[in-house]
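This report walks through selected local features of one protein chain. The sequence and the structure come next, and the text then takes up packing, charges and backbone angles in turn.

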Amino acid sequence: KKKARESCSLPESSWEERLANAVTPLWRLPYQEQLQVKYESQRKILQTLASRLEELGIDAQKPGGPCCPLQPVVPSPIINGYRNKSTFSVNRGPDGNPKTVGLYVGTGRERNIVCVKANHVENIPSKHKQVAQCYEEFICRSPLDSCILFHEGGHWRELVVRTTSCGHTMAIITFHPQELGQEALATQKALLKEFFTCGPGAVCALTSLYFQESTMTRCSHEQSPYQLLHGAPHIFEKLLGLKFRISPDAFFQINTAGAEVLYQAVGELCQATGDTVLLDICCGTGTIGLSLAHRVSKVIGVEVVEKAIEDAEWNAAFNGISNCEFHSGKAEAVLPQLLASWEDARPLVAVVNPSRAGLHYRIVRAIRNCRSIRRLLYISCKPEGEAMRNFLELCCPPDPQKKLAGEPFAPMLAIPFDMFPHTVHCELVLLFTR
């Protein structure tokens, strides 16, 4: 560790170092040591799961035993600059500049937030840093203020940059309209477009430039449409020999090369045969289901983001995949209806890939109560959080009060995938069977 610290190019206690420590806390460690740190953290999570199951009266052996062995962390094929999506904030920098574009050090609770440029952060690719620098140059030239606190006014807000291995770059700029009229808004959009197409920002060679007027912290396309100012409406990515279309707010795994390794493993763990039906819950743009479609008789995808479903349907058609159907809507509303009348005799395997908030209870209940689902793969980016509640709901004894009538699942295997080098996070795949 001392050698790693000595070889570091950042000055001690600098703002850059503080940001690197906050965003990529393992950045000083050699990569093999990072993997060991992550293995230990996943082992503790599975120990917690085993203990919680024992409290429920389930004889769950500790990880490492035959009940739920933990495999070594699968490394990421790319260690630096692997992120295909970055979100940059606008706030006061260490020098007091209120139009600094970067990432936060500090917390709102402590009221000590400082926005630091991310030029040195190792998991962000150079193209994202370039777009962030250009956006900062643009808003510094603008007479309009940045929007740090909504009630204090200001307009310029966060920047999202998405890139693909095909060389495409999408920039999405969020803007608080405050009291501006349509003519003033049109002027700002024209200036933004001119800057990134003819001005200094042209160096970014954007494939797509989007603008979103938002009076909320986070805003979906349905709440406030993404407005295309320049270029193509979508960018495209290649994954496992397939081509995928990506909309501004569609979910796509943050590490494309890592996602290929993950999805290949998921395909093996499904043990799908030619007559298997694959249920892809929280399917996003359909990447998991479509990449496994050639192994199964049918794929059924469910996703809440309408634009992502549009992408999934386009992706299926473009890649000549005809055995997929996608349902738009909240999974807790769609899935119970879908499974309640399930009479298909074919084997049904479920793959769930929820956000950090985990699965809604009604989704877990629908899975538990569908006798056809004998095999379930749960992909979690935060297994120590709400996902732990899901694990217990899947494995607990039948409970009439909670309407959990189905036979419980049992955790059989756990494989961590390092989708986020230099951070403490892992993507954990848990195989449940019954």
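The buried residues of helix α9 pack against β10 (277–281), β11 (298–303), β12 (324–328), β13 (348–352), α10 and β14 (373–380). Helix α9 covers residues 331–340, and its buried residues are A331, E332, V334, L335, L338 and L339. Viewed down the axis of α9, these residues fall within an arc of 160°, so they line one face of the helix. Q337 and A340, on the other side of α9, are exposed.

The model is a predicted one. Its mean pLDDT is 91, and 94% of the residues reach 70 or more. Two stretches should be read with this in mind. Over residues 1–8 pLDDT stays under 50, and the model has 8 contacts for them beyond four places in sequence. Over residues 62–66 pLDDT also stays under 50, and here the model has 11 contacts beyond four places in sequence.

**A buried arginine**

Helix α10, one of the partners of the buried residues of α9, spans residues 361–368 and contains R368. What is the nearest side chain of opposite charge to R368, and how far away is it? It is D399, at 8.5 Å. R368 is buried and has no salt bridge; a salt bridge would need a side-chain nitrogen within 4 Å of a carboxyl oxygen. Polar atoms of the R368 side chain do lie close to backbone oxygens: the distance is 2.7 Å for the oxygen of G406 and 3.3 Å for that of L394.

Leaving out residues up to four places away in sequence, R368 touches E393, L394, C395, C396, P397, P398, L404, G406, E407, P408, F409 and R434. Both residues that offer a backbone oxygen, L394 and G406, thus appear in the contact list of R368. E393 is also in that list and takes part in a salt bridge of its own, with R389.

**Salt bridges**

The count for the model comes to 14 salt bridges. Three of them are set out below.

| Pair | Closest N to O distance |
|---|---|
| E40 and R43 | 2.7 Å |
| R346 and D344 | 2.7 Å |
| R389 and E393 | 3.4 Å |

E40 and R43 both belong to helix α3 (residues 31–55), where they are 3 residues apart, about one turn of the helix. E40 has a relative accessibility of 27% and counts as partly exposed. R43 is likewise partly exposed, at 27%.

In the pair of R346 and D344, R346 is partly exposed, with a relative accessible area of 27%. D344 is partly exposed at 25%.

R389 and E393 lie in helix α11 (residues 386–395), 4 residues apart, again about one turn of the helix. Which member of this pair is buried, and which is partly exposed? R389 is partly exposed, with a relative accessible area of 31%, whereas E393 is buried, at 11%. The pair is part of a network of salt bridges that links E386, R389 and E393.

**Loop residues**

C282 sits in the loop between β10 and α7 (287–292). C282 is partly exposed, with a relative accessible area of 23%. Beyond four places in sequence, C282 touches V302, E303, N353, P354 and L359. C282 and G301 are 19 residues apart in sequence, yet their C-alpha atoms are 7.4 Å apart in space.

The remaining points concern backbone angles. Most residues other than glycine have a negative phi. Q271 departs from this pattern: its phi is positive, about 50°, although Q271 is not a glycine. Q271 belongs to the loop between α6 (256–270) and β10. With 56% relative accessibility, Q271 counts as exposed.

H422 also has a positive phi, near 75°, and is a residue other than glycine. H422 is found in the loop between β15 (410–417) and β16 (427–433). Is H422 buried or exposed? H422 is buried, with a relative accessible area of 4%.

How values were computed
Residues numbered from 1 in each chain as written. Predicted model: local features only at pLDDT ≥ 70, side-chain atom pairs only at ≥ 80, totals over all residues. Heavy atoms only, no water. Helix = DSSP H or I, 4+ residues; strand = E, 2+ residues; numbered from the N terminus. Buried < 20%, exposed > 50% of the residue type's maximum accessible area, 1.4 Å probe, protein only. Lys, Arg positive; Asp, Glu negative; His and termini not counted. Polar contact = N/O pair within 3.5 Å; in protein donor to acceptor, adjacent residues only side chain to side chain. Contact = heavy atoms within 4.5 Å. Arc of directions from axis to C-beta. pLDDT = per-residue confidence, 0-100.
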